[in-house]
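Please open the model in your viewer and have the selection tool ready. The tour goes stop by stop.

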Amino acid sequence: GMRGQEDLFRSMFGQSGGRNGNSYERKPRNRNVKYRLQVTLEEVYSGATKSVTIAKPDASNTSSSTNKKLDVCIPRGIRDGQSIRLSGEMDHVTSATPADAIFVVECLPHELYTSRKGFDLGMSVTLTLDESLGGLNKDAGKEENVIVTLDGRRLKLCTENKCIREGDVWKLEGEGLPIPSANRTS
């Protein structure tokens, strides 16, 4: 009858205790642990593997911890606030199923590229009055008219005699962050 089903349930799930389920002993279990992972814009652009040392909680629930070194793969184009999960890395309770280490990405500020919207990068460029009125000429040879991309290429800014007003936005198509294949629309 009912008692046999309870015994079968207990044997399958390793529980013991009272008839009404009030005093079943729970097996110890590991818990997922979140960590902050600071990454550079260059690491987001190229993708990288970063070795990190984390404090792994002690199984005795005291304030002590042990350190563990992990290699975290940073996918190209990852966004601020996204998580990277390393399954089975939190095994501080040895008799329990290992849990996950979860790294929440925090992209560090960049010196040149001061804004990011999705996969687009933004920067500010200061122009002289002459450049603003006459545009940036590709023949000017001025070093300030060159942008160094995250992969080291040098792109020349050129507006070909167009007047540039404060706040104007110029877009360099295809020069932002790589779009992961799962997010591509074409």
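What follows is a walk from the whole chain to single residues.

**Stop 1: the whole chain**

This is a predicted model. Display the full chain as a cartoon. Three helices and nine strands make up its secondary structure. Trace the elements from the N terminus and you read α-β-α-β-β-β-β-β-β-α-β-β.

Now switch on the surface. The chain exposes about 13,000 Å². Carbon and sulfur atoms supply 48% of that area. Of the 186 residues in the chain, 26% are buried. Among contacts with a separation of 6 or more, 52% are between residues 24 or more positions apart.

**Stop 2: the three-stranded sheet**

Select β1, residues 33–39. Add β5, residues 99–107, and β4, residues 83–90. Together they form an open sheet in the order β1-β5-β4, with mixed pairing. Which strands stand at the edges? They are β1 and β4, and each has a single partner strand, so one side of each is left without a neighbour in the sheet. On average, neighbouring strands of this sheet are turned by 30° against each other, direction ignored.

Zoom in on the β1 and β5 pair. These two strands run in the parallel sense and share seven bridges. To find one of the bridges, pick V33; its partner in β5 is A101.

Keep β1 selected and show its side chains. In a regular strand, side chains alternate between the two faces of the sheet. Here V33, Y35, L37 and V39 make up the covered face of β1. The uncovered face holds K34, R36 and Q38.

**Stop 3: helix α2 and E43**

Move to helix α2, residues 41–46, and select E43. Is E43 buried or exposed? E43 counts as buried, because its relative accessibility is 18% and the cut-off for buried is under 20%.

Next, show K50. The side chains of E43 and K50 are joined by a polar contact of 3.3 Å. Then bring up the residues around E43. Beyond its neighbours within four places in sequence, E43 is in contact with Q38, A48, K50 and I74. Q38 is one you have met already, on the uncovered face of β1.

**Stop 4: C73 in β3**

Select strand β3, residues 65–74. C73 lies in this strand. Which residues does C73 touch, leaving aside those within four places in sequence? The contacts are A48, T49 and I84. A48 also appears in the list for E43.

Now draw a distance from C73 to R85. Twelve residues separate the two in sequence, and their C-alpha atoms are 9.8 Å apart.

**Stop 5: a salt-bridge network**

Side chains of opposite charge can pair when their charged atoms come close. How many salt bridges does a search of the whole structure find? The search finds eight.

Stay on β3 and select K68, then add E89 and D91. These three residues are linked in a network of salt bridges.

- K68 to E89: the N to O distance is 3.1 Å. E89 lies in strand β4 and K68 in strand β3, so this pair ties together parts that are 21 residues apart in sequence.
- K68 to D91: the closest N and O atoms are 3.8 Å apart. D91 sits in the loop between β4 and β5, so here the parts tied together are 23 residues apart in sequence.

Colour the three by accessibility. K68 is buried, at 17% relative accessible area. E89 is partly exposed, at 23%. D91 is partly exposed too, at 30%.

**Stop 6: E175 and R153**

For the last stop, select E175 and R153. Their salt bridge has its closest N and O atoms 2.6 Å apart. Where do the partners lie? R153 is in the loop between β8 (146–148) and β9 (154–156), and E175 is in the segment after β9. The pair therefore ties together parts that are 22 residues apart in sequence.

Check the exposure of both partners. E175 is partly exposed, with a relative accessible area of 26%. R153 is partly exposed as well, at 34%.

Technical notes. Residues numbered from 1 in each chain as written. Predicted model: local features only at pLDDT ≥ 70, side-chain atom pairs only at ≥ 80, totals over all residues. Heavy atoms only, no water. Salt bridge = Lys/Arg side-chain N within 4 Å of Asp/Glu carboxyl O. Helix = DSSP H or I, 4+ residues; strand = E, 2+ residues; numbered from the N terminus. Buried < 20%, exposed > 50% of the residue type's maximum accessible area, 1.4 Å probe, protein only. Contact = heavy atoms within 4.5 Å. Polar contact = N/O pair within 3.5 Å; in protein donor to acceptor, adjacent residues only side chain to side chain. Pairing = 2+ DSSP bridges. Axes fitted to C-alpha atoms, helices over the stretch in contact; angles between N-to-C directions. Areas by Shrake-Rupley, 256 points an atom, 1.4 Å probe, with all protein chains shown as cover.
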